[in-house]
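Reader: Please take a close look at one part of this model, the shell around the ligand. By class, which residues make up that shell, and how does the rest of the chain fit around it?

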Amino acid sequence: MQIDLVCGDITQLKVDAIVNAANNSLLGGGGVDGAIHRAAGPELLDECRKLNGCPTGEAKITSGYRLPAKYVIHGVGPVWHGGDKGESALLASVYQHALTLCEQHQIASVAFPAISCGVYGYPLVEATHVALHTIDETSKEIGWSGSVTLCAYADSDHLVMQRVLADFRAEN
Ligand code: ADP
């Protein structure tokens, strides 16, 4: 199980699948969702329309169209309401569903943005902890041995995530 961290635009990454921080409608939005739809082209929205949305904590897969990535996995993270509304379990569930789709579709490399850490307001340190622990545990549980890239966008987020990843590596 390999987990790396990069800083940049997830739509440019040459991996088998990128994960979208989508909303329940799966019909596009701002932030990374908007960037993915712009880069993938209108065919992505056409396919998303057929999916009938997605519950919070789950994920659905589409083709990547004009992206370098073959697939987009649309995961719906929770809105942060202070941390006592089941947010961490819902965020972990998105990572679990996304990795299960990787296993089912023979995806060997996947990149995640900081799901829920933009307009949904999830604190980045806590979210990165959840991401790392869930990726590690789920990969072992489902027997998936691909490579995972966490993709920060802002330089300041990259620095924060680097520290959390270093702590995680020291503990594991
Ligand atoms: P959410 O609604 O789940 O909070 P956002 O898209 O608002 O989703 O933000 C999620 C994270 O994605 C934020 O950390 C944001 O900085 C980051 N982000 C925005 N655009 C991109 C991009 N092109 N590539 C990678 N990450 C991005």
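Author: Sorted by class, the shell around the ligand holds 13 nonpolar residues, five polar ones and three charged ones. This is a predicted model, and the description below should be read with that in mind. The shell counts 21 residues, and those that come nearest to the ligand are A21, G31, G118, Y120 and Y153. Among the elements of the chain, helix 1 gives the most to this shell, with four residues.

That makes helix 1 the natural place to look more closely. Helix 1 covers residues 31–40, and its buried residues are V32, D33, I36, H37, A39 and A40. Seen down the helix axis, these buried residues fall within an arc of 170°, so they line one face of helix 1. What lies over them? The cover over the buried residues of helix 1 includes strand 2 (17–22), helix 2 (42–49) and strand 4 (71–76). Just after helix 1 comes G41, whose phi is positive, at about 95°.

A positive phi also turns up at two residues that are not glycine. Most residues other than glycine have a negative phi. Y65 has a phi near 50°, a positive value. Y65 sits in the loop between strand 3 and strand 4. Is Y65 buried or partly exposed? Y65 has 19 C-beta neighbours inside 10 Å, and a residue needs 20 or more to be buried, so Y65 counts as partly exposed. The second case is S116, with a positive phi near 75°. S116 belongs to the loop between strand 5 (109–112) and helix 4 (124–142). Here the count is 27 C-beta neighbours inside 10 Å, so S116 is buried.

Strand 3 deserves a stop of its own, at K60, which lies in this strand. K60 is a buried residue because 22 other C-beta atoms lie within 10 Å. Leaving aside neighbours within four places in sequence, K60 is in contact with L26, L51, C54 and H74. Another pair to check in the viewer is K60 and H97: they are 37 residues apart in sequence, while their C-alpha atoms are 8.3 Å apart in space.

Towards the end of the chain, helix 5 (residues 155–171) offers a contrast between two residues. M161 lies in helix 5, and so does Q162. M161 has 24 other C-beta atoms within 10 Å and is therefore buried. Q162 has 15 other C-beta atoms within 10 Å, so Q162 is partly exposed. Not counting residues up to four places away in sequence, M161 touches L5, L124, T128, L150 and A152. The C-alpha atoms of M161 and C151, ten residues apart along the chain, are 9.4 Å from each other. For Q162 and I73, 89 residues apart along the chain, the separation between C-alpha atoms is 24 Å.

These pieces can now be put back into the whole chain. The chain contains five helices and six strands. Along the sequence, they come in the order β-β-α-α-β-β-α-β-α-β-α. The radius of gyration is 15 Å, close to the 16 Å given by the globule rule for 172 residues, so the chain is as compact as a globular protein of that length. Along the principal axes, the C-alpha atoms fill a box of roughly 45 × 35 × 30 Å. Of the 172 residues, 43% are buried. If only contacts between residues at least 6 apart in sequence are considered, 71% of them join residues at least 24 apart.

Last comes the confidence of the prediction. The mean pLDDT of the chain is 98, and 100% of the residues reach 70 or more. Strand 3 has the highest confidence, at a mean of 99, whereas strand 1 (residues 2–7) has the lowest, at 96. The scores for the model are ipTM 0.99 and pTM 0.98.

Methods. Residues numbered from 1 in each chain as written. Predicted model: local features only at pLDDT ≥ 70, side-chain atom pairs only at ≥ 80, totals over all residues. Rg over C-alpha atoms; globule rule 2.2 N^0.38 Å. Buried ≥ 20, exposed ≤ 12 C-beta atoms within 10 Å, placed from the backbone. Contact = placed C-beta atoms within 7 Å. Arc of directions from axis to C-beta. Near = placed C-beta within 6 Å. Nonpolar A, V, L, I, M, F, W, Y, C, P; charged D, E, K, R; others polar. pLDDT = per-residue confidence, 0-100.
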